[in-house]
Amino acid sequence: MSEESSKIPLVHKSVLIHEVLTYLEPKPGGTYLDVTFGSGGHTKAILQREPACNVIAFDWDKVSLETHGPPLLEQFPGRLRLVWGNFAHLYKLLKKENIAPVDGILADFGTSQMQIFERPGFSLYRDTALDMRMSPSHQKLTAYEVIQQAPQETLSEIFWEFGEERYANRIARCIVEERVKRPIQTTTDLAKLVARAMPGGVKKGYIHPATKVFQALRIYVNKELDNISAFMPVAFNGLKPGGNLVCISFHSLEDRLVKQYFRDKEREDVAQILTPRVVVASTEEQELNKASRSARLRALRKI
Ligand SMILES: C[S@@+](CC[C@H](N)C(=O)[O-])C[C@H]1O[C@@H](n2cnc3c(N)ncnc32)[C@H](O)[C@@H]1O
């Protein structure tokens, strides 16, 4: 890679842009929250679709805001505000930033391609420290500490619960046996160890055997499911009547939380589900962007 091209920031390929706009329905004079700014693809699409609306965008990853925020602030003067924070603490953030109920909220859960390719610990294909924290200044616990210190049963539960890894017990036992001999410090150390613990090892043309373990650890370190559970009711309260909440999930456990919350609100007669069937990416999008294959969009309107 030339020095010039290495300076170009990596951009996350946003999924389901057309569908997000359809269900968020940005209107003139409206204010919309994008609580997972990433590299701003959805924020930009909203601002472009409705030239008389504003967006307030949040992200927990400060580097994402600092890298991808400034060009959009310049392109849409006075229409975009950026806030660094965890959407699990949306209530506090809205209060602190003096944000009144809004016309629509978008959450595109999970990780960005910048995090996978540039932050330490997220990818098993890059040899980096086992970190995996989305916001190191807000979080103490790293993936390294989990791997090195958690009891065998806890490791096994993490791999089973968040990764649906059928060899969870076996992998946890291997980790505990290995870590007393020498610390498991890097992504490569862990990926190799998991591959050794699995019956088939690494097979050409198949996903790496450590994929589910990495996913499970990331969800655990960043408390991703707890964050979504905390976010849903506060987001709902932060909407004006008639406002829409649009959520995109990439994991069945995330989607289950969204689906359940939406059903509860509809049963309480305070909301209407706009997506009776989950919305997935078109075949064309799935061909162009592999990551969109697991995206699941659901939308709800507050009554
Ligand atoms: C799938 S990416 C979003 C991509 C974005 N929609 C775009 O178009 O570029 C998910 C983003 O959510 C952020 N994120 C994850 N958990 C978060 C949380 N609890 N609070 C705020 N942001 C979070 C990540 O840092 C990441 O940038």
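This short talk walks through one predicted model, from its domains to its ligand shell and then to a few individual residues.

Since the model is predicted, local features are taken only at pLDDT of at least 70 and side-chain atom pairs only at pLDDT 80 or more, while totals for chains, interfaces and linings use all residues. Residues are numbered from 1 along each chain as its sequence is written.

Let me begin with the domains, whose bounds come from an automatic or database domain assignment. That assignment gives domain 1 as 3-114 + 224-302 and domain 2 as 140-221, and the centres of the two, taken over C-alpha atoms, are separated by 31 Å.

Now to the ligand, where a residue is near if its C-beta atom, placed from the backbone, lies within 6 Å of the molecule. There are 23 residues around the ligand, and those that come nearest are Ser14, Thr36, Gly38, Gly41 and Asp61. Helix 3 (41-49) and strand 2 (54-59) each supply at least two residues of this shell; helices (H or I, at least four residues) and strands (E, at least two) are DSSP runs, numbered from the N terminus. By type, the shell divides into 6 nonpolar, 14 polar and 3 charged residues, with Ala, Val, Leu, Ile, Met, Phe, Trp, Tyr, Cys and Pro counted as nonpolar, Asp, Glu, Lys and Arg as charged, and the others, Gly among them, as polar.

Next comes helix 8, residues 152-163, whose 12 residues reach 16 Å from first C-alpha to last, close to the 16 Å expected at 1.5 Å a residue, the expected span being 1.5 Å times one less than the number of residues. In helix 8, Leu155, Ser156, Ile158, Phe159, Phe162 and Gly163 are buried, where buried means 20 or more other C-beta atoms within 10 Å of a residue's own, exposed means 12 or fewer, and partly exposed is in between, with C-beta atoms placed from the backbone. The cover over these buried residues includes helix 9 (168-179) and helix 11, and just after helix 8, Glu164 takes a positive phi of about 45°.

That brings me to the backbone angles: most residues other than glycine have a negative phi. Lys223, in the loop between helix 11 (211-221) and helix 12 (224-237), nevertheless has a positive phi of about 50°, and it counts as partly exposed because it has 16 C-beta neighbours inside 10 Å. Asp269, in the loop between helix 13 (252-267) and strand 6 (271-273), has a positive phi near 65°, and with 8 C-beta neighbours inside 10 Å, Asp269 counts as exposed.

Terms used. Two residues are in contact if their C-beta atoms, placed from the backbone, lie within 7 Å.
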